[in-house]
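Q: Please go through the residue pairings and burial labels in the structure shown here. For each term, set the value against its definition and state the conclusion.

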Amino acid sequence: MISRRTLLISAAAAMPMAAAPSLAATEGPLKLRELYNKDRSFSDLALSLEGQRLTVEGYMAPPLKADSQFFVLTKIPMSVCPFCETEAEWPDDILAIYTKRTLDVIPFNVKIETRGVLELGSFKDPDTGFLSRVRLSDATYAR
């Protein structure tokens, strides 16, 4: 019987070299920068992972409101919420995180890993009015 690991290694060996980095990038936690191209469009990797469960590392920005199931993951620690008012201004170094449960806030300077389903495209949160271009839904997080 072929294991999943053997199948993935075999598939990577058969891929052209240009395609191989995408497979390697999904092995560990993704970095926020891997979701975007330099022109702020979604990367090929992000497009290929849409709808899949993945892990992204970063920092929890202070939540917008108490008893929330939503927070912003940032590339660097931020003591204030970094969200913007319009999709056009959406920075490429934050990610909206929608959790399964009410948040247990983690200090803004402690690195965490979040795991959830990658969603791309505009979404306006009905509770907060927060507009995102990219997010993880059904997410969990840990230090």
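A: The bridge partner of T99 in β5 is A139. The model is a predicted one, in which local features need pLDDT of at least 70 and side-chain atom pairs count only at pLDDT 80 or more, while totals for chains, interfaces and linings use all residues. Residues are numbered from 1 along each chain as its sequence is written, and side-chain values use heavy atoms, with hydrogens and water left out.

Q: What makes β3 and β5 a pair, and in which sense do they run?
A: Strands (DSSP runs of E, at least two residues; helices are runs of H or I, at least four; both numbered from the N terminus) pair if DSSP finds at least two bridges between them. β3 and β5 have three bridges, in the parallel sense, so the requirement is met.

Q: How many bridges join β4 and β5, and in which sense?
A: Nine bridges join β4 and β5 in the antiparallel sense, so these strands also pair. L120 stands opposite V134 in β5. The two strands form a hairpin with six residues between them, and G129 in the turn has a positive phi of about 80°.

Q: How many aromatic pairs does a search of the whole structure find?
A: The search finds five. One of them joins F71 and Y141, with ring centres 5.3 Å apart and 70° between the planes. The pair links distant parts of the chain, F71 being in strand β2 (residues 70–74) and Y141 in strand β5 (residues 131–142), 70 residues apart.

Q: Why is the pair of F71 and Y141 called edge-to-face?
A: Rings of Phe, Tyr and Trp (its six-membered ring) pair if their centres lie within 6.5 Å, and planes under 30 degrees apart count as stacked, over 60 as edge-to-face and the rest as tilted. The 5.3 Å and 70° of F71 and Y141 satisfy both conditions, so the pair is edge-to-face.

Q: Are F71 and Y141 buried or exposed?
A: Buried means under 20% relative accessible area, exposed over 50% and partly exposed in between (1.4 Å probe, protein chains only). F71 has 1% relative accessibility and therefore counts as buried, whereas Y141, at 21%, counts as partly exposed.

Q: What makes the pair of Y98 and F123 edge-to-face?
A: The ring centres of Y98 and F123 are 5.8 Å apart and their planes meet at 90°, so the pair is edge-to-face. Y98 lies in strand β3 (residues 94–99) and F123 in strand β4 (residues 111–124), so parts 25 residues apart in sequence are tied together. Y98 counts as buried because its relative accessibility is 13%, and F123, with 31%, is partly exposed. Y98 and F123 also belong to one aromatic cluster with F70 and F130.

Q: Why does R133 count as lying over the face of F42?
A: A charge sits over a ring if NZ of Lys or CZ of Arg is within 6 Å of the ring centre and within 35 degrees of the ring normal. R133 is 4.5 Å from the ring centre of F42 and lies over its face.

Q: What makes E57 and K31 a salt bridge?
A: A salt bridge is a side-chain nitrogen of Lys or Arg within 4 Å of a carboxyl oxygen of Asp or Glu. The N to O value for E57 and K31 is 2.7 Å, so the criterion is met. E57 lies in strand β1 and K31 in the loop between α2 (20–25) and α3 (44–49), 26 residues apart. E57 is buried because its relative accessible area is 18%, while K31, with 30%, is partly exposed.

Q: How many salt bridges does the structure hold?
A: It holds three. Another of them joins R53 and D138 at 2.8 Å, N to O. R53 is in strand β1 and D138 in strand β5, so the pair ties together parts 85 residues apart in sequence. Both ends are partly exposed, R53 with a relative accessible area of 35% and D138 at 40%.

Q: How close are the N and O atoms of R135 and E119?
A: The closest N and O atoms of R135 and E119 are 3.1 Å apart, and the two residues form a salt bridge. R135 lies in strand β5 and E119 in strand β4, so parts 16 residues apart in sequence are tied together. R135 counts as buried because its relative accessibility is 4%, whereas E119, at 29%, counts as partly exposed.
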